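Please open the structure in your viewer and keep the selection tool at hand. The stops below go from the whole chain to single elements and residues.

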Amino acid sequence: MIKLLANDGIDPVGKQMLEAAGFTVDTTFIPQDELPVKLQAYDAITVRSATKVRKALIDQCPNLKLIGRGGVGVDNIDVEYAKEKGVAVYNTPAASSASVAELVFGHLFTGVRFLQDANRKMPVEGDTKFNDLKKAYAKGIELRGKTIGILGFGRIGRETAKIAYGLGMEVLAFDVHPSVTELELVLGGGVKVNVPVQYTEKDEVIAKSDFISLHVPYSHEPVIGAREFTLMKKGAGLVNCSRGGTVDESALLDALNSGQLAFAGLDVFDNEPTPRAELLQHAKISLTPHIGASTNEAQERIGVELATLIINHFKQLA
Ligand code: NAD
């Protein structure tokens, strides 16, 4: 009987799959400082971002055969060390891409109709303010027919493009390592359409797009800084659902305050969990607290994908 500790929880569907395959799945949370002793009783552990599986813990648990990460980033796991010690490491990088892409459009629809500001200022005291607000938000724009520039055309960038095509938008893509040349859109009623991907240079994407969405990994240099804001169309919108640090936040505030940028949608920040106050109070910024992957559907896909990977792994060992 293989014993698995799902220390940061696992979706019930994934748990059922593992149990049906004969695993014992324990979802009782064990605090980090108790893991060196208590994890010794398990063959495998799954984590999200909270529990850390570092070298010392791997050394203290010689029975451990597998570490599963529900989600993308494996910063909380010493992956190379685990592999050196013969401990398999799995994550589920694709399971949440569609959820992040939908959040991008949550921010875009919000920005083009001033919803972030309207939500803060409504309900109103009496008709006068209502009518003032009605005027203030009267110059919204539509997404249909506009161009979205996607920087980083990996899993999430591609899902974002698919939604954009579905909305009748033009898509320009930039990726340092472009991979796909075509996207398959699955429309309502199961109708499938193949669309060619239009790649171009980063500066051209930035200059020609009405909206820009970032889907790159973290790097030490921001992908969008003061120079890039000057290249943008006046009145463009920017969405960042990738990682804090990919946009220079001071340059972003300057661009919003000068009117160069009409709005921004931010799910990620330099200083999580305490983003800078100017961002949080800005009338032109739509905000979410790093919830791109946080949908029930994504959590279920993560659980199912992880369960499948774990079951297959132990089948191969048997
Ligand atoms: P991915 O690896 O599938 O795609 C990233 C793409 O970016 C790759 O194709 C890569 O070649 C490209 N790239 C790297 N550096 C670049 C650069 N400087 N300019 C242009 N392209 C560049 O990754 P993904 O799964 O699509 O994730 C994208 C980002 O979204 C990551 O930063 C990830 O951490 C983040 N993410 C956020 C959430 C959230 O909750 N907001 C959830 C999941 C992932």
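A residue is called buried here when its relative accessible area is under 20%. By that cut-off, 45% of the 318 residues of the protein chain count as buried, and it should be kept in mind throughout that this is a predicted model.

Begin with the whole protein chain, shown as a C-alpha trace, which spans about 65 × 45 × 40 Å along its principal axes. In cartoon view the chain has 13 helices and 13 strands. If you switch to a surface, the exposed area is about 15,900 Å², of which carbon and sulfur atoms supply 54%. Among the contacts with a separation of 6 or more, 59% are between residues 24 or more positions apart.

Next, select the strands S7, S6, S10, S11, S12 and S13, which in that order form an open sheet of 6 strands with parallel pairing. S7 and S13 (285–287) stand at the edges with a single partner strand each, so one side of each has no neighbour in the sheet. On average, and with direction ignored, neighbouring strands of this sheet are turned by 15 degrees against each other.

Zoom in on one edge of the sheet, where S12 (residues 261–266) and S13 run parallel and are joined by 3 bridges. Here Ala264 can be found opposite Ile285 in S13.

Now add the helices that lie against these strands. H5 packs on the sheet and touches S6, S10, S11 (236–240), S12 and S13, its direction making about 150 degrees with that of S12. H11 (residues 249–258) lies across S11, S12 and S13, and runs at about 140 degrees to S12.

For the last stop, select helix H8, residues 155–166. Its 12 residues should span 16 Å at 1.5 Å a residue, and because its end C-alpha atoms are 17 Å apart, the model agrees with that expectation. Which residues of H8 are buried? They are Gly157, Thr160, Ala161, Ala164 and Tyr165, and because they cover an arc of only 135 degrees around the axis, they lie on the same side of H8. The general background is that an α-helix has 3.6 residues a turn, so residues three or four places apart point the same way.

To see what covers these buried residues of H8, show the elements around them, which include helix H5 (97–112) and the strands S6 (147–151), S7 (170–174), S8 (182–186), S9 (192–196) and S10 (211–214). Finally, step just past the end of H8 to Gly168, which takes a positive phi of about 80 degrees.

How values were computed. Residues are numbered from 1 along each chain as its sequence is written. This is a predicted model: local features need pLDDT of at least 70, side-chain atom pairs count only at pLDDT 80 or more; totals for chains, interfaces and linings use all residues. Side-chain values use heavy atoms; hydrogens and water are left out. Helices (H or I, at least four residues) and strands (E, at least two) are DSSP runs, numbered from the N terminus. The expected span of a helix is 1.5 Å times one less than its number of residues. Buried means under 20% relative accessible area, exposed over 50%, partly exposed in between (1.4 Å probe, protein chains only). The arc is that of the directions from the helix axis to the C-beta atoms. Contact means heavy atoms within 4.5 Å. Two strands pair if DSSP finds at least two bridges between them. Axes are lines fitted to C-alpha atoms, for helices over the stretch in contact, and angles run from 0 to 180 degrees between N-to-C directions. Accessible areas come from the Shrake-Rupley method with a 1.4 Å probe; for residues, only the protein chains shown count as cover.
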